[in-house]
Amino acid sequence: MAWNSSVVMQMGRFLLLVILFLPREMTSSVLTVNGKTENYILDTTPGSQVSLICAVQNHTREEELLWYREEGRVDLKSGNKINSSSVCVSSISENDNGISFTCRLGRDPSVSISVALNVIFPPLLSGNNFQTVEEGSNVKLVCSVKANPQAQMMWYKNSSLLDLEKSHHQIQQTSESFQLSITRVEKSDNGTYTCTAKSSLQTESLDFHLIVKALHEG
């Protein structure tokens with residue numbers, strides 16, 4: 001069967017329209033946050049405040065924007081959703097380190113851009129400062145630490161770098177703690193142990209007082 005030339009031309013025009021316009025409708029909108037077009041890390045400090053402004057670029061119609069803090073939706077006022085939307089992160093704390101804020105296109109959540117907070121702060125140390133144990137028992141001195149950038153950790157005893165005895169002392173370190181375990185405590189273990197954290201910002205120390213009592217001592 002012969003094709004009518006006008007039909008062929010119309011089909012060709014239709015296909016051309018599909019090629020030209022459908023991809024543009026799907027991909028034309030680009031999101032930026034504070035002028036950046038890609039995910040990025042924002043350096044900040046405790047107590048500070050940051051504003052994140054999300055905007056739609058190259059849009060051909062009104063676009064609704066959604067903000068998320070991690071996986072939780074951020075409440076936005078009605079006038080803060082179309083084509084441009086901002087969130088203010090105030091009273092930033094050490095616990096906000098690593099938290100991400102994501103702006104998404106309402107009609108297509110796959111179009112998004114994220115900002116992760118890098119909260120920079122000196123070492124923060126905490127722990128049980130006083131412990132009393134009997135000879136022969138085991139004890140753990142747990143120094144809880146938060147720091148960004150990560151700190152170099154050391155244990156001291158009575159102001160001198162602790163001389164680790166393989167069968168007597170054990171050190172365990174995680175991203176949030178620096179632990180000293182002493183096996184079969186002796187009277188000579190009595191003293192002040194100092195947990196020291198040294199970062200590029202500053203050095204912090206915390207004392208742990210260990211009192212060793214004779215077995216069955218009142």
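**View 1. The disulfides of this predicted model.** The structure holds 2 disulfides. Count the bonded cysteines of the protein in sequence order, and the pairing reads 1-2, 3-4.

**View 2. Cys-54 and Cys-103, a disulfide between strands S3 and S7.** The two sulfur atoms sit 2.0 Å apart. Cys-54 belongs to strand S3 and Cys-103 to strand S7 (residues 100-105), so this link ties together parts that are 49 residues apart in sequence. Look at the twist, too: with -80 degrees about the S-S bond, the link is left-handed. As for exposure, Cys-54 is buried at a relative accessible area of 0%, and Cys-103 also counts as buried, with 0% relative accessibility.

**View 3. Cys-143 and Cys-195, joined by a disulfide.** Here the S to S distance is 2.1 Å. The torsion about the S-S bond comes out at about -80 degrees, so this disulfide is left-handed. Cys-143 is in strand S11 (residues 139-148) and Cys-195 in strand S16 (residues 191-198); they are 52 residues apart, and the pair links distant parts of the chain. Both cysteines, Cys-143 and Cys-195, are buried.

**View 4. Strand S3 alongside strand S6.** Back to S3, this time for its pairing with S6. Strand S3 (residues 50-57) and S6 run antiparallel, joined by 6 bridges. To find your bearings, pick out Leu-52, which stands opposite Val-87 in S6.

**View 5. The two faces of strand S6.** Strand S6 spans residues 84-89. Its covered face carries Ser-85, Val-87 and Val-89, while Ser-84, Ser-86 and Cys-88 make up the uncovered one. Val-87, the residue opposite Leu-52, is thus easy to place: look for it on the covered face.

Technical notes:
Residues are numbered from 1 along each chain as its sequence is written. This is a predicted model: local features need pLDDT of at least 70, side-chain atom pairs count only at pLDDT 80 or more; totals for chains, interfaces and linings use all residues. Side-chain values use heavy atoms; hydrogens and water are left out. Buried means under 20% relative accessible area, exposed over 50%, partly exposed in between (1.4 Å probe, protein chains only). Helices (H or I, at least four residues) and strands (E, at least two) are DSSP runs, numbered from the N terminus. Two strands pair if DSSP finds at least two bridges between them. A disulfide is a pair of cysteine sulfur atoms within 2.5 Å.
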